Amino acid sequence: MTAGSTTPPAPVGAVVDGGTARRRGWGWLLLVPGMLWLAVFFVFPTIQLFVTSLYDPSGSYEQGYAMTWHFANYLDAVKDTWNLFARSFAYAGIATVVCLLLGYPLAYAIAFKAGAWKYFMLVLVIAPFFTSFLLRTLSWRTILSDQGPVTDFFQTVGVLPDDGRLLATPVAVIAGLIYNFMPFMTLPLYASLDKVDYRLVEAAGDLYSSPFTGFRKVTFPLSLPGVVSGTLLTFIPACGDYINAELLGTPKQYMVGNRIQAAFLTEHNYPLAASLSLILMLVVVLMVVLYVRRAGTEDLI
Amino acid sequence: MADTGRDLRVEGLTKRFGDFLAVDDLTLTVPQGSFFALLGPSGCGKTTTLRMVAGLDDPTAGRVLIGDEDVTYLRPYKRPVNTVFQSYALFPHLTIFENVAFGLRRRGVKDYKQKTLDMIDLVQLGPYAARKPAQLSGGQQQRVALGRALINEPAVLLLDEPLGALDLKLRRQMQIELKRIQTEIAVTFVHVTHDQEEAMTMADTIAVMNHGVIEQMGAPGDLYENPETTFVANFLGQSNLIRVDVIDTVDQDVVVDCYGQKVGVVASRSHAGGRNAWLGVRPEKVFAEAAGADHRVGSNILTGGRVTDVSFVGVSTQYLVAMPWGQELMVFEQNTGQRPLFRNGDQLDITWSPAHAFLLDADQDARAGVMTPEDDE
Amino acid sequence: MATVATRERVSSDPGRAKPSKRPVGRWLSDHLVLLVGILVLVYIFVPIGYIFALSFNQPSGRSATAQFESFTWSNWTSICEPEGLCDSLQLSFEVSITATLLATLLGTLMAFALVRHSFRGRSTSNLVIFLPMATPEVVMGSSLLAMFVSVGLDSVLGFVTIVIAHVLFCLSFVVVTVKARLVGMDSRLEQAAMDLYANEWQTFRLVTLPLAMPGIVAAAMLSFSLSFDDFIVTNFTSGQSVTFPLYVYGSKLRDFPAQLFVVGTLMFLVSFVFVIAAELWRRRRSAIR
């Protein structure tokens, strides 16, 4: 009995024993500097982005734009780029699922099977994360290149035809996404698996669960918070990524991020870029909210 | 020791959490140097009371005084009160020495080092001074928590379920040790617990709390022998409660009708007002006699019982006896070897002395305060 | 009791007499997860090994992204030789350290406010803190650039604007990391400190802060790595300034100096040593003194 003997049924404004006791008062002032930062550099630019997205597209970077509440920008954007959106979400979705399939055994092995090597393995996951991701992605470019060992191998065993390629294919782009976002999946998974009391898994075995059933009914549900935050931390950046598509793919594999970047930095077509950005943001936030609701871990964030 | 300048007084103390009334207009005085126990089940308001005395919660109404000083709204670090927290709350990042020295150093006591070492010796942790709490056993951690509070020589020491995390054997040991230390240093101890045996072993005075109010307060023996409510009768030990009609008062005895048989209760032990009452008698005060034997032990007799269960528990044998009206009564017989043993199905009569029974108000729930398996922590 | 003990001993005898072998299948299923985990680790390390190997490569042409040709130490002794490489590293360090300090400070304060205090608008605050994490970097970068341009800051794009952007995307991660640590902290420890004559400030300094420290340090390390490695947002907000990731990206378009692989290897080695050292320090602190 740790909750104390006075836990009232519905404490309003105060949590009594254990856990965290919240105080009323001036504590909210601590929030002010950070919130100001977010308001000025996030909320305000997002609103402005919205305004930009409604500019008359006939203007230009040099001559300026006129505010004409041109909602048609959104229609145009979707009409031109719906395939980019579809591709982005498909690539990001596949990458997230594969990340989960690869990252879960890794996190599980570190949490329960590594024994004395637990911490060392964890370092091995974290340390590459500190090495420039551009360098690592460029390395993949060479490794997967037409003369590279991986392509040779797959051609030899016949998975790829002799003139088949890995680089500049969707496979390469997705593999790049998987590789780059793996730590974002593995670390939250490890964090929540590490909290699981291994005796519960043993208890499941004692109660006639096969190892697989024990995993399905006990370990996996308990690690769900890690699964949810891991998939979010992988999916969100993967949706907006354009580096992997650019370095490992061709314009045929370009994602919506490439288009936004080009519209902003090369074409200076701000209304288009802004409306694309907002659509992407809106869709991602919507998907995230639905997903979090669905997974039932709303207190996650 | 007769000095009463540092009595703990609580006047009209009330605490609400939203609609929930945790502590309801509580008034009591704890004399300086006494060992006082607040006993009650989960949610009875005992820990909230303790926290208001410690200054960790502000009361909704009422006052807390130590001697003549009103400390009701004083910050915790400004009052001469220290707490032994439930599950100890030892600072995990500090050594045992640093934990014990914490209070003295905050108050700028100069020779804190020597005092700390002395206290660590007193709680028998000398060899562990440089360790971290996580490296100690539960019993050792408990002693650190005690030393960390006591070193400040508080006017009142509050103990919140201090032994709850220990196993039974260690708990017994610590109960005796706590009592010994308290007698030695003569500091007022206020001890919050849900364990009635623990309260009775250690405390001079017990206040039994339920739903934010004190049901009954007194010396452990008085509470046990002469409970005034069904809650106290059931929460402290076990009781047989039988529905009776009050008929008459003859001399010092109240005569009641118990399903057709007449028994007496000493008048000073009657706490019932109306025509109906609960007749209470502790199982160990009841004797079983073979049906029709000449009854010598008690003058109150109920006939027509039949044994339905026999449990041998070493020091005693516990019977369940079905009475003619269907109720099963508990009878605990000491294994003195001088009294007959019964078997399932035996017919018997039960007897007790009028001085051992009590009468309680019939409006109360006969099962109030009964420990169910879920309560047993 | 005695009979029970005897019976147990008897029944265990046959097992002891004939120790059964663990079947291979059982061993495999016990270690399968570990094997898969190690394979995934190997996968993670393929490019690291590649970077390490190429740091000793003597390329024949000007660009070093091709195959390994011949061994040399010269890349390691001439890290700063390629024009602008060390300048970009310096700028990256300056940006990351500044952004980390700012984000950690602001984020920690916010986490304390959210966990320890109750006030109206908590859930709105939580949403505003969460949104940057749900915003793709390309959106964040572009909206920041649009704002900097519109308020006339486009002429001073550089260190300040990069730091502003980096603090922005690190902030939410700091809040989440520190919050997780604070939520797991037993508030009774702070009550105990107050009970033992520590006032609010002493309680914070002697109990709360040391206990929250692992979370704060983790948040700072995360911020540093996010900031140091960021390309997308930086690309929008850097103007003419070149951070290390921008330098790598730029090199891809021109010649690719082999010294970049040296820097990559060093980044890995330094972080590896750093993380190991941090853990050893943590273990020593909690060990018997």
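Reader: Which residues form one aromatic cluster with A:Trp117?

Author: In this predicted model, where local features need pLDDT of at least 70, side-chain atom pairs count only at pLDDT 80 or more, and totals for chains, interfaces and linings use all residues, side-chain values use heavy atoms, with hydrogens and water left out. Residues are numbered from 1 along each chain as its sequence is written, while chains are lettered from A and ligands numbered from 1 in the order in which they are written. Rings of Phe, Tyr and Trp (its six-membered ring) pair if their centres lie within 6.5 Å, and planes under 30 degrees apart count as stacked, over 60 as edge-to-face and the rest as tilted. Here A:Trp117 forms one aromatic cluster with A:Phe120, C:Phe45, C:Phe268 and C:Phe272.

Reader: How many aromatic pairs does the structure hold over all chains, and what is the geometry of the one that A:Phe85 and A:Phe89 form?

Author: Over all chains there are 30 aromatic pairs. The pair of A:Phe85 and A:Phe89 is stacked, with 6.3 Å from centre to centre and 25 degrees between the planes. Helices (H or I, at least four residues) and strands (E, at least two) are DSSP runs, numbered from the N terminus, and both of these residues lie in helix 2 (residues 72-113) of chain A, four residues apart, about one turn of the helix.

Reader: Are A:Phe85 and A:Phe89 buried or exposed, and which parts of the chain does the pair of A:Phe89 and A:Phe235 link?

Author: A residue is buried under 20% relative accessible area, exposed over 50% and partly exposed in between (1.4 Å probe, protein chains only). A:Phe85 counts as buried at 9% relative accessibility, and A:Phe89 counts as buried at 17%. The rings of A:Phe89 and A:Phe235 have centres 6.3 Å apart and planes at 20 degrees, so that pair is stacked. This pair links distant parts of the chain, with A:Phe89 in helix 2 and A:Phe235 in helix 9 (residues 224-240) of chain A, 146 residues apart. A:Phe235 is buried too, with a relative accessible area of 13%.

Reader: How many helices and strands are there in chain A, and why is helix 4 of chain A described as largely enclosed?

Author: Chain A has 12 helices and zero strands, and buried residues make up 52% of its 301 residues. Helix 4 (residues 133-143) of chain A has 10 of its 11 residues buried, so it is largely enclosed by the rest of the structure. Among those buried residues are A:Arg136, A:Trp140 and A:Ile143.

Reader: How should the interface of chain C and chain A be read, and how many residues of each chain are in contact?

Author: The size of an interface is often given as the accessible area lost when the parts come together. With contact meaning heavy atoms within 4.5 Å, 91 residues of chain C are in contact with 80 residues of chain A. Buried area, the accessible area (1.4 Å probe) that two parts lose on being put together, summed over both, is about 8100 Å² between these chains, with 76% of it on carbon and sulfur atoms. On the chain C side, C:Tyr43, C:Ser118 and C:Phe130 lose the most area to chain A, together 7% of what that side buries. Helix 2 (residues 24-54) of chain C gives the most to that side, with 16 residues.

Reader: How many salt bridges does the rule find across this interface?

Author: A salt bridge is a side-chain nitrogen of Lys or Arg within 4 Å of a carboxyl oxygen of Asp or Glu, and across the interface of chain C and chain A the rule finds zero of them.
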